[in-house]
Amino acid sequence: MPELPDVETLRRYLDSTSLHRRIQSADARDARVVKGVSLKRLESTLRGREFESTHRHGKFLFVTLDRGPLLVLHFGMTGELAYFKHDQGEPAHTRLRIRFANGYRLAYVNRRRLGRVSLAENIEEFIRDEGLGPDALSVERDAFEDMLKGGRGKIKSALMNQNGVAGIGNVYADEILFQASVRPGKRLEKLTGKARRELFRAMRRVLKVAIRHRGHREEFPKTYLSDHREAGAECPKCGGRIRKGTINGRSTYYCPQCQT
DNA sequence: AGTACCACCTGACGGC
DNA sequence: TGCCGTCAGGTGGTAC
């Protein structure tokens, strides 16, 4: 489920495979994923161009071309990228295929189609139009703590709200709260300054660790919750029982002993 | 502003 | 075997 660390991993993957290669053609085959631009126009925009650089903001990946607009990718829950040689089989659920002049291809794959492919004129404008908050790994500590001070709801909702800080989804919200020892249902107005500070630290630490492990939960440190998302599982810190609840209509896992 | 719920979308899985 | 409800979780919309 691509959240910030996963999208960052995809960004690096695209960087290492697909920059500075002539695009022979693009094949956009799914109008339900391509938003705000026709399939034809997307294809003609990419044809003959090269990917020049990439930028990530929250869960969005921007790819600049050597001329013209930016390619914007969002991966929803099931999106990914695959770079492969033309004679290898194309992945199932490929929604956009890019053919490079070197005989390799880049596929935007998205089984469930929750996600989007679009074009944008510039990144700042796109972020503003979407109402996205600062990226969770770039936000200043004061801005983050002020955001928590200003809100009224549950802390987990605030962490997941892309208009507050961008990039945190369901799994990493739970992990950050677990590492900061804060209950997901805790109201913002009841957080202490110390807890806000600890949340900021945990957010940065968790996201960086996850990036280092390319989002592979099974490789996370032993004290992480992400690979034990199951009601009744053993808490990796205290050995108690993990509880499952619902916040924002999302399944939420936490340790009632460790998190207060 | 916050909450609650539905819709979008597909596949895996468990119950009957 | 096979049908069916439920769940997975990112986002957007609507009603309260």
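A polar contact is a pair of N or O atoms within 3.5 Å. In this predicted model, one such pair joins R152 to DNA strand B: a backbone N or O atom of R152 lies 2.7 Å from a phosphate oxygen of the strand. The distance of 2.7 Å falls within the cut-off, so the pair counts as a polar contact.

The surroundings of DNA strand B may be considered next. The residues around this strand are R32, H93, R111, R112, R113, L114, G151, R152, G153 and R187. Sorted by class, they comprise six charged residues, three polar residues and one nonpolar residue. Which parts of the strand come within 4 Å of the protein? Sugar or phosphate accounts for 75% of those atoms, and the rest belong to bases.

Individual atom pairs illustrate both kinds of approach. The side chain of R111 places a polar atom 2.9 Å from a sugar or linking oxygen of DNA strand B. The side chain of R112, in contrast, has an N or O atom 2.8 Å from a base oxygen of DNA strand B. R112 also has a polar side-chain atom 3.0 Å from a base nitrogen of DNA strand C. The side chain of R112 therefore makes polar contacts with bases of both strands, since each of these distances is within 3.5 Å.

Attention now turns to DNA strand C. This strand is surrounded by 20 residues, of which H74, M77, L114, N170 and R250 are the closest. Of the atoms of DNA strand C that come within 4 Å of the protein, 54% belong to sugar and phosphate. L114 is listed around DNA strand B and is also among the closest residues to DNA strand C. By class, the surface near DNA strand C has eight charged, six polar and six nonpolar residues.

Two side chains approach phosphate oxygens of DNA strand C. For S251, an N or O atom of the side chain is 2.8 Å from such an oxygen. For E3, a polar side-chain atom is 3.3 Å from a phosphate oxygen of the strand. Which elements each supply at least two residues of the surface near DNA strand C? They are helix α6, covering 170-179, and strand β10, covering 250-254. The largest share comes from β10, with three residues.

The pockets of the protein complete this part of the picture. The largest pocket holds about 350 Å³ of space. It is lined by 13 residues, and those closest to its centre are K59, M77, G169, N170 and R250. M77, N170 and R250 are also among the residues closest to DNA strand C. By class, the lining of the largest pocket has five nonpolar, five polar and three charged residues.

The second largest pocket has a volume of about 260 Å³. Its lining includes M1, P2, D6, T9, L10 and M77. Two elements, α1 (4-18) and β5 (79-85), give two or more residues to this lining. The largest share, three residues, comes from α1.

Helix α1 can be described further. It has 15 residues and reaches 20 Å from its first C-alpha to its last, close to the expected 21 Å. Among its buried residues are D6 and L10, both of which also line the second largest pocket. Just after α1, H20 takes a positive phi of about 60 degrees.

Terms used:
Residues numbered from 1 in each chain as written. Chains lettered and ligands numbered in written order. Predicted model: local features only at pLDDT ≥ 70, side-chain atom pairs only at ≥ 80, totals over all residues. Heavy atoms only, no water. Near = heavy atom within 4 Å. Polar contact = N/O pair within 3.5 Å; in protein donor to acceptor, adjacent residues only side chain to side chain. Nonpolar A, V, L, I, M, F, W, Y, C, P; charged D, E, K, R; others polar. Helix = DSSP H or I, 4+ residues; strand = E, 2+ residues; numbered from the N terminus. 1 Å grid on protein atoms, 1.4 Å probe; cavity = no way out; pocket = protein on both sides within 12 Å on 5 of 7 lines; lining within 4 Å. Points joined across faces, edges and corners; volume = space filled by probe spheres on them. Expected span 1.5 Å × (residues − 1). Buried < 20%, exposed > 50% of the residue type's maximum accessible area, 1.4 Å probe, protein only.
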